[in-house]
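Biologist: I'd like to go through this one with you before I head back to the bench. Could you put it up so we can both look?
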Amino acid sequence: ALLITDQCVNCDVCEPVCPNKAIAQGEVVYEIEPSRCTECVGHFDTPQCVEVCPVECIFIDPEHTESRDALQTKYRALTGAI
Ligand code: SF4
Ligand code: SF4
């Protein structure tokens with residue numbers, strides 16, 4: 001999963017582009033729900049939130065590093081895809 005740092009300026013550009021609805025406004029900055037973030041695996045070649053963020057404040061979450069296989073499994077669980 002990816003993580004939004006406190007450099008976030010709350011611009012709200014990333015939230016609508018997330019295919020997994022993993023992003024929401026938090027108490028201070030926007031936040032990613034790790035259980036819903038597949039790093040866009042299954043949907044896109046690159047993380048869409050990273051593509052659109054104007055301040056480049058989204059990185060791999062060190063507490064939620066996952067293999068591509070694990071991300072693919074999460075994608076299938078979230079979407080019901082076989
Ligand atoms: Fe959503 Fe993809 Fe960003 Fe994860 S990497 S929060 S799935 S847009
Ligand atoms: Fe924050 Fe970047 Fe998302 Fe804007 S696009 S809300 S700056 S994480």
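Biologist: Which of the 14 residues around ligand 1 come nearest?
Modeller: Bear in mind that this is a predicted model. Among the 14 residues around ligand 1, those that come nearest are Cys18, Cys37, Cys40, Pro47 and Cys49.
Biologist: And how do the residues of that shell around ligand 1 divide into nonpolar, polar and charged?
Modeller: Ten of the residues in the shell around ligand 1 are nonpolar, three are polar and one is charged.
Biologist: What about ligand 2, which residues come nearest there?
Modeller: Around ligand 2 there are 14 residues, and of these Cys8, Cys11, Cys14, Tyr30 and Cys53 come nearest. By class, the ligand 2 shell holds twelve nonpolar residues, one polar residue and one charged residue.
Biologist: Back to cysteine 40 for a second, where is its place?
Modeller: Cysteine 40, which is one of the residues nearest to ligand 1, sits in the loop that runs between strand E3 (30–32) and helix H1 (48–52). Its phi is near 70 degrees, which is a positive value in a residue other than glycine.
Biologist: Does cysteine 40 count as buried or exposed, and why?
Modeller: Cysteine 40 counts as buried because it has 22 C-beta neighbours inside 10 Å, and the cut-off for buried is 20 or more.
Biologist: Different topic: what is the phi of glutamate 56?
Modeller: Glutamate 56 is not a glycine, although its phi is positive, at about 50 degrees. Glutamate 56 lies in the loop between H1 and strand E4 (58–60).
Biologist: So is glutamate 56 buried or exposed?
Modeller: Glutamate 56 counts as exposed, because it has 9 C-beta neighbours inside 10 Å, and 12 or fewer is the cut-off for exposed.

Methods. Residues are numbered from 1 along each chain as its sequence is written. Chains are lettered from A and ligands numbered from 1 in the order in which they are written. This is a predicted model: local features need pLDDT of at least 70, side-chain atom pairs count only at pLDDT 80 or more; totals for chains, interfaces and linings use all residues. A residue is near a molecule or strand if its C-beta atom, placed from the backbone, lies within 6 Å of it. Ala, Val, Leu, Ile, Met, Phe, Trp, Tyr, Cys and Pro count as nonpolar, Asp, Glu, Lys and Arg as charged, and the others, Gly among them, as polar. Helices (H or I, at least four residues) and strands (E, at least two) are DSSP runs, numbered from the N terminus.
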